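Work through the exercises below with the model open. Try each task before reading its solution.

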Amino acid sequence: MQISYEIPVILNPDKEQDGLETIAAPLLKWYDENRRVLPWREDPAPYRVWISEIMLQQTRVEAVKPYFQRFMESLPDIAALADVPEDRLLKLWEGLGYYNRARNLKKAAGVIMAEYAGVMPAETEELLKLPGIGSYTAGAVASIAYGEPVPAVDGNVLRVISRYRMDDRDMLNAKVRKSVEDDLQAVIPQDRPGDFNQALMELGATVCIPNGMPKCGECPWKDSCKAHIQSKETEFPKKAPKKIRTVEKKTILIIQDAVRTAIRKRPDKGLLAGMYEFPSAEGHLSREEVLALLKEKGMHPLRISRLPDSRHVFSHKEWEMIGYCIRVDELEPVGGVKEGLLFVEPARTEKEYPIPSAYAAYTDYLQIRIGNGKYEAENVDNQ
């Protein structure tokens, strides 16, 4: 049998990436003309890329910049990171939140020193073996620092691709994410994989933004994006209903003598593990209840005053806090060992003890500066 006309041959018709084959050229052209100048981007050494990517998880670029600069000055390489005491590391991280990110950095640095002779591995498979490194971070380091043609798919990328294809799947689903990674793997440019990944992230961060209307007029794909063509940009990506956060009521106690304030270290596991905090009690206690509690612990309050209420939202829970400042005659006889309390001057707290931003309303009261506020004030003082 002979066929006298041409028949198109389509290989694997279910895997055409929904038109993603044409996205690279206009995206890279746009990136070359619009890319932001960022410190880790201008010197994409593996260590710098790794630290920046971990910092950028759950944190805005502008907020990360000063933290990154300080981190590089204090811990310029993997060996320094592996050797840094945990309290010093957490103090450098103070204000960025999600503190297990910092602990995993130190753990991974120890593994790199022990198993990779202090050199960050280039292969994705090896990177994935390190604590705190998932598929996105491994792809970012491998592609940006080492030029490996592997995708780096974060929330920005998932949003951009979802809108481009009007993909109504749940982008938080692990199988969907893996499917997007596979589709991008098939179209990533072999000669510019790092730029391609950064361009996708940049597009999601500056144009195809998550909140409010995306800036479609500035997008290199405005003529081919399905959601834009049908004016449905804000309908994608589809999101599963958010879980309701649990609410915890807390009473924060600022207990002071003439010069010192009581703080304590949180447990080594769980929320804000290993950080320092002010003593607290569950629930919202009245002034009388607070005084009774302190007297039970052997303290002798001289005066008590109410502090402002505060609220802090975590990913899975929120704290509704009220606070009291209690002046006592002296702290030392209270039995700090039994209560796990440390009695320190505010200046030492600011320099040595990492306090989470959840307590910012109460550190403000003590004129203790944490995170960026502390470093910004130091810069002004040193000018």
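**Exercise 1. Place Ser162 in its surroundings: which residues is Ser162 in contact with, leaving aside its neighbours within four places in sequence?**

Solution. Start with the contacts, meaning heavy atoms within 4.5 Å. Beyond its neighbours within four places in sequence, Ser162 is in contact with Asp167, Met171, Phe236 and Pro237. Next, the location: Ser162 belongs to helix H10. Helices here are DSSP runs of H or I with at least four residues, strands are E runs of at least two, and both are numbered from the N terminus. Last, the accessibility. Ser162 has a relative accessible area of 0%, so it is buried. Buried means under 20% relative accessible area, exposed over 50%, and partly exposed in between, with a 1.4 Å probe and protein chains only.

Note on the source: this is a predicted model, in which local features need pLDDT of at least 70 and side-chain atom pairs count only at pLDDT 80 or more, while totals for chains, interfaces and linings use all residues. Residues are numbered from 1 along each chain as its sequence is written, and side-chain values use heavy atoms, with hydrogens and water left out.

**Exercise 2. Decide why helix H10 counts as largely enclosed, and find what covers it.**

Solution. Count first. H10 spans residues 155–165, and nine of its 11 residues are buried, so the rest of the structure largely encloses it. Among the buried ones are Val157, Val160, Ile161 and Tyr164, and also Arg159, Arg163 and Arg165. Then look for the cover: it includes helix H11 (174–185), helix H12 (193–206) and helix H13 (226–229). Now check the ends. At the start, a side-chain oxygen of Asp154 comes within 3.1 Å of the backbone nitrogen of Asn156. Just after H10, Met166 has a positive phi of about 50°.

**Exercise 3. Classify the ring pair Tyr276 and Tyr353, then the pair Phe278 and Tyr359.**

Solution. Apply the rule: rings of Phe, Tyr and Trp (its six-membered ring) pair if their centres lie within 6.5 Å; planes under 30 degrees apart are stacked, over 60 edge-to-face, the rest tilted. The structure holds eight aromatic pairs. For Tyr276 and Tyr353, the centres are 4.9 Å apart and the planes at 75°, so the pair is edge-to-face. Tyr276 is in strand E3 (residues 276–277) and Tyr353 in the loop between helix H16 (346–352) and helix H17 (360–365), 77 residues apart. Tyr276 is buried at 5% relative accessible area, and Tyr353 is buried at 11%.

For Phe278 and Tyr359, the centres are 6.1 Å apart and the planes at 90°, so this pair is edge-to-face. Phe278 lies in the loop between E3 and strand E4 (280–282), and Tyr359 in the loop between H16 and H17, so the pair ties together parts 81 residues apart in sequence. Phe278 is buried at 1%, Tyr359 at 0%. Phe278, Phe314, Trp319 and Tyr359 form one aromatic cluster.

**Exercise 4. Locate the residues that touch the most other members of the largest nonpolar core.**

Solution. A nonpolar core is a set of buried Ala, Val, Leu, Ile, Met, Phe, Trp, Tyr and Cys residues joined through side-chain atoms within 4.5 Å. The largest has 96 residues; Trp50, Ile51, Phe71, Leu81, Leu184 and Phe196 touch the most other members. Helix H3 (residues 46–56) gives the largest share, seven residues. A second, separate core of 16 residues includes Ala262, Ala281, Ile322 and Val328.

Note on methods:
A polar contact is a pair of N or O atoms within 3.5 Å; within protein, one must be able to donate a hydrogen and the other to accept it, and residues adjacent in sequence count only if both atoms are side-chain atoms.
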